[in-house]
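Work through the following exercises with the sequence and the model at hand. Each task is followed by its solution in steps.

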Amino acid sequence: MTKHFYITTPIYYPNSVPHLGSAYCTLACDVLARFKRLDGYNVKFLTGTDEHGQKVAKAAEAAGITPQKYVDEISQAFRDLSTLMNFSNDDFIRTTEPRHHRAAQVLWEELLRRDEIYLDKYAGWYAVRDEAFYGEDELTEKDGKKIAPTGAECDWVEEESYFFRLSKWQEPLLKFYEDNPDFIAPQSRRNEVISFVRGGLKDLSVSRTTFKWGVPVPGNDKHIMYVWLDALTNYITALGYPDTTPDMQNFWPTALHVVGKDILRFHAVYWPAFLMAAGIALPHRIFAHGWWTVEGEKMSKSLGNVIAPHNLVETYGLDQTRYFLLRDVPFGNDASFSHTQMIARVNAELANNLGNLVQRTLSFIQKNADARMPQPGEFAAADQTLLNQIESTLPAVRAHMDAQEFHKALDATIGLSNTANIYIDEQAPWALRKTDPARMVTVLYVLCETIRNLGLLLLPFIPDSAAKILDAIGVGENARTFASYGLTSRLSPLVSLPAPQPIFPRIEVDG
Ligand code: MSP
């Protein structure tokens, strides 16, 4: 039976061009999507842009163009990011598309039909930057202005509004978290969500009347939908909701929503409540990752320290950037970007550890073993130890990937490369060349097998470089999935090997 896997990024506000923070989450999802495809799953990987709401409308107004023209331009920058970063998303959703308007309106009608939405009046605080309502008790005051816990400025809003009966879902939500301990990760974030819900839920204002840039409320187009209700629906729009499509049936129960810690509440409280209220099953899991700062400071236009993904790619290389962002810091933690750290990590692990292993093994074969894949003899105990480590690495990496622990997956992978480097030093094929050429050939074969499996493990993280590694040892296209991982499928001896090209140049620092 086909296994399915649905993975989503948040949809990004196109109120400014993508930065390191926006590339980070989509990168993590890309790596998971690629991993699952290699592991035999049918995968759907979704990203997109969240184009409605007051924040985007204001940005368009400031730019002096219509919101539609504005989002058309900036949304393109997010699609270009997929090309730049080699993201393999299967779909790109824009909330201004007709398929999405239809889905959001049908969901609304369903909530109304079930009496989950009622008309009343909202009087309270709203932060445009967060597109979020705040209670008086959550705010502080600065220069006469009300400030949300996120630092966003709040405005007083009084308008007719539809409300969603969120309060009614407090107990069902708590029960659901209890019954599904892995629904929210990491654990510390789960605890925060539970204590927030225990603290009491108030009904949520879900429509606005004071501006027009949104999905019209069916039957009352004085109102547009609250941008978060509209935006969250994107995850089912892309599967064909409201139609009962095969995608909805196969993928929806497997959904993993990866989000930043700042928007966990919307995903782990409001979204499940909307879904329960509409009689739709809940996603499988929500993972909240941490935030990047730059050398310890918040990234901001005014500080001029915003890191653009294309700058990193131009300076360090695409795969070096992809590797570093998921390697250095556990995915749930905050991270401070440091150029020194990036250079040190890439040089130590890609250039020295992995790059050297590949380069010295393959140049040695080129010069001393006829430029062909060696034909091994019987394996010695040292060979078997390394081969055993190959066997145990994929299951370990798989478990780390299922827990969204990318740094541990890479640690296990680079650990295998490290063992192989120790093995080559201990076995010293350069000495065996004179004393025991048959043994030398076996050692070289074991090294090539290790390199092949390292190439497979690295395909999700550094697709281009891993493909070069596999090219260099003559692995065919149809042997590049995890079905070919391990010792049951072996390299064919005696195939000619191309002259090796360095794959990971050392990053040299000026001065
Ligand atoms: N449009 C909403 C999401 C709707 S999902 C149904 C939104 N958009 S956003 O553009 O403001 O943020 C998108 C994602 O980028 C969030 O998950 C946020 O956490 C992430 N990041 C924004 N800046 C970031 C960093 N500096 N570091 C890491 N991630 C950051 O919220």
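**Exercise 1.** Determine how helix α3 and helix α11 are oriented to one another.

Solution. Helix α3 spans residues 67-85 and helix α11 spans residues 309-316; their axes come within 11 Å and cross at roughly 15°. Axes here are lines fitted to C-alpha atoms, for helices over the stretch in contact, with angles from 0 to 180 degrees between N-to-C directions. Helices are DSSP runs of H or I with at least four residues, numbered from the N terminus. The angle therefore makes α3 roughly parallel to α11 (under 35 degrees counts as roughly parallel, over 145 as roughly antiparallel, 65 to 115 as roughly perpendicular and the rest as oblique). On the α3 side the contact is made by L81, L84 and M85, and on the α11 side by P309, H310 and V313 (contact means heavy atoms within 4.5 Å).

The model is predicted: local features need pLDDT of at least 70, side-chain atom pairs count only at pLDDT 80 or more, and totals for chains, interfaces and linings use all residues. Residues are numbered from 1 along each chain as its sequence is written, and side-chain values use heavy atoms, with hydrogens and water left out.

**Exercise 2.** Classify the packing of helix α5 against helix α6.

Solution. The axes of α5 (residues 170-179) and α6 (residues 187-198) cross at roughly 155° and come within 10 Å. α5 is therefore roughly antiparallel to α6. Q170, L173, L174, Y177 and E178 of α5 make the contact with R190, V193, I194, V197 and R198 of α6.

**Exercise 3.** Describe the salt bridges that involve helix α1.

Solution. A salt bridge is a side-chain nitrogen of Lys or Arg within 4 Å of a carboxyl oxygen of Asp or Glu; the count comes to 38. D30 and R34 form one of these, at 3.0 Å from N to O. Both residues lie in α1 (residues 20-38), 4 residues apart, about one turn of the helix. D30 is buried at 0% relative accessible area, and R34 is buried at 17% (buried means under 20%, exposed over 50%, partly exposed in between, with a 1.4 Å probe and protein chains only).

D402 pairs with K36, the closest N and O atoms being 2.8 Å apart. This pair links distant parts of the chain, with D402 in helix α14 (residues 381-402) and K36 in α1, 366 residues apart. D402 is partly exposed at 40%, whereas K36 is buried at 6%.

**Exercise 4.** Which residues are linked with R327 in a network of salt bridges?

Solution. The network links R327 with D328, R345, E349 and D411.

Methods. Helix = DSSP H or I, 4+ residues; strand = E, 2+ residues; numbered from the N terminus.
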